[in-house]
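I opened my notebook to get my bearings in a structure that was new to me. Here is the thing I was looking at.

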Amino acid sequence: DKDLLHVPYYTESLSTFTGVRVLPSETFLEGLPPDLVRSASLVGFPCFVVPIHSAGRCYGLVLKGRGKPTPRYGNTARLCGWESVAPASTVVLVEGFKDTYILRRMGVVALPLLTSMPSARTLSLLSSLSCRVVYVPDNDSYGQRNAETYMAKASSAGIKPLVFRLSGVSDLGDVFDPRLKRAAICEASRLVSTFGIPCTI
């Protein structure tokens, strides 16, 4: 059922991640761990189950539905899409799933944060892989404060603090707004050009 499986803004962006599944209703929770059942009930149905995996191992799951909660099942420093992170690669961190859409379609390794700031453990892991990390905060006053906090956290983790500040859109996810699609694509192109990030488009 197309309507059942479509969650505005997220269905498109989640299509760029591997292993995503849909839980259409609570009937499909049978046999799952109690913590995951509680998380699914919090998110509501239908909801998406997004694995956090790399090198054939699953480190946890993230649940995404129509509402704001995005619970994580599993305690890991890795993020959804981690399987595309390679040593010495450039990784772009954005504030949510929908913000990854344009960049991932361009072939950029863009990972969604479930909060507005990457954890110290995530930054430490990226540092151990010698990754170059670019942080893209939302284009609002809160996001700009996050940029300052990020710079200090990245430096502490041994990562050169690279921040890309959006100029024309409030959120890269606005690609789904026909009025802002062109501006959002221009911002993504400017990001790729500014940091010399390899892309496929």
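My entries below go from the whole chain to the sheets and then to a few single residues.

**Entry 1: the whole chain**

I reminded myself at the start that this is a predicted model. I looked up the secondary structure and found 7 helices and 8 strands in the protein chain. Next I checked the radius of gyration, which is 17 Å, close to the 17 Å that the globule rule gives for 201 residues, so the chain is as compact as a globular protein of that length. Along its principal axes, the C-alpha trace spans about 50 × 40 × 30 Å.

How much of the chain is buried? I got 49% of the 201 residues. I also looked at contacts with a separation of 6 or more, and 61% of them are between residues 24 or more positions apart. The chain exposes about 9900 Å², and carbon and sulfur atoms supply 55% of that area. For charges, I noted 22 positive and 16 negative side chains, with the centres of the two sets 7 Å apart.

**Entry 2: the antiparallel sheet**

I went to the sheets next. One is an open sheet of 4 strands in the order β1-β2-β3-β4, and its pairing is antiparallel. Its edge strands are β1 and β4 (72–73), each of which pairs on one side only.

I walked through it from β1, residues 21–23, which is joined to β2 by 3 bridges. R21 has V49 in β2 as its bridge partner, and L23 stands opposite C47 in β2.

Then I followed β2 into β3 (residues 57–64), where I found 7 bridges in the antiparallel sense. The two strands make a hairpin with 2 residues between them. One thing caught my eye in that turn: A55 has a positive phi of about 50 degrees. Close by in sequence, S54 stands opposite R57 in β3.

Is β2 mostly covered or mostly open? It is mostly covered, with 8 of its 8 residues buried (47–54). I sorted them by direction: C47, V49, P51 and H53 point one way, while F48, V50, I52 and S54 point the other way. I jotted down a rule of thumb too: in a regular strand the side chains alternate between the two faces of the sheet.

**Entry 3: the parallel sheet**

The other sheet I looked up is also open, with 4 strands in the order β6-β5-β7-β8 and parallel pairing. Here the edge strands are β6 (110–112) and β8 (162–163), each pairing on one side only.

I started with β5. It joins β6 through 3 bridges, and L93 has L111 in β6 as its bridge partner. β5 also pairs with β7 over 5 bridges, where V94 is matched with V136. From β7 (residues 132–136), 2 bridges lead on to β8, and Y135 stands opposite V163 there.

Why do I call β5 largely enclosed by the rest of the structure? Because 5 of the 5 residues of this strand (residues 90–94) are buried. Both faces are covered: T90, V92 and V94 sit on one side, and V91 and L93 on the other.

**Entry 4: backbone oddities**

I kept a general point in mind for this part: most residues other than glycine have a negative phi, and most peptide bonds are trans.

My first stop was the peptide bond from F45 to P46, which is cis, with omega near -5 degrees. P46 is in the loop between α3 and β2.

Then came A88, in the loop between β4 and β5. Its phi is near 65 degrees, a positive value in a residue other than glycine. I looked up its accessibility: at 60%, A88 counts as exposed.

I ended this list with S130, which has a positive phi of about 60 degrees although it is not a glycine. S130 lies in the loop between α5 (120–128) and β7. Its relative accessibility is 55%, so S130 counts as exposed.

**Entry 5: one helix residue**

I picked S41 for a last look, and found it in helix α3 (residues 34–43). Is S41 buried, exposed or partly exposed? It is partly exposed, with a relative accessible area of 46%. I also checked S41 against L29: they are 12 residues apart in sequence and 9.5 Å apart in space, C-alpha to C-alpha.

Conventions: Residues are numbered from 1 along each chain as its sequence is written. This is a predicted model: local features need pLDDT of at least 70, side-chain atom pairs count only at pLDDT 80 or more; totals for chains, interfaces and linings use all residues. Side-chain values use heavy atoms; hydrogens and water are left out. Two strands pair if DSSP finds at least two bridges between them. Buried means under 20% relative accessible area, exposed over 50%, partly exposed in between (1.4 Å probe, protein chains only). The radius of gyration is taken over C-alpha atoms; the globule rule is 2.2 Å times the number of residues to the power 0.38. Contact means heavy atoms within 4.5 Å. Accessible areas come from the Shrake-Rupley method with a 1.4 Å probe; for residues, only the protein chains shown count as cover. Lys and Arg count as positive and Asp and Glu as negative; His and the chain ends are not counted. The place of a charge is taken as NZ of Lys, CZ of Arg, CG of Asp or CD of Glu.
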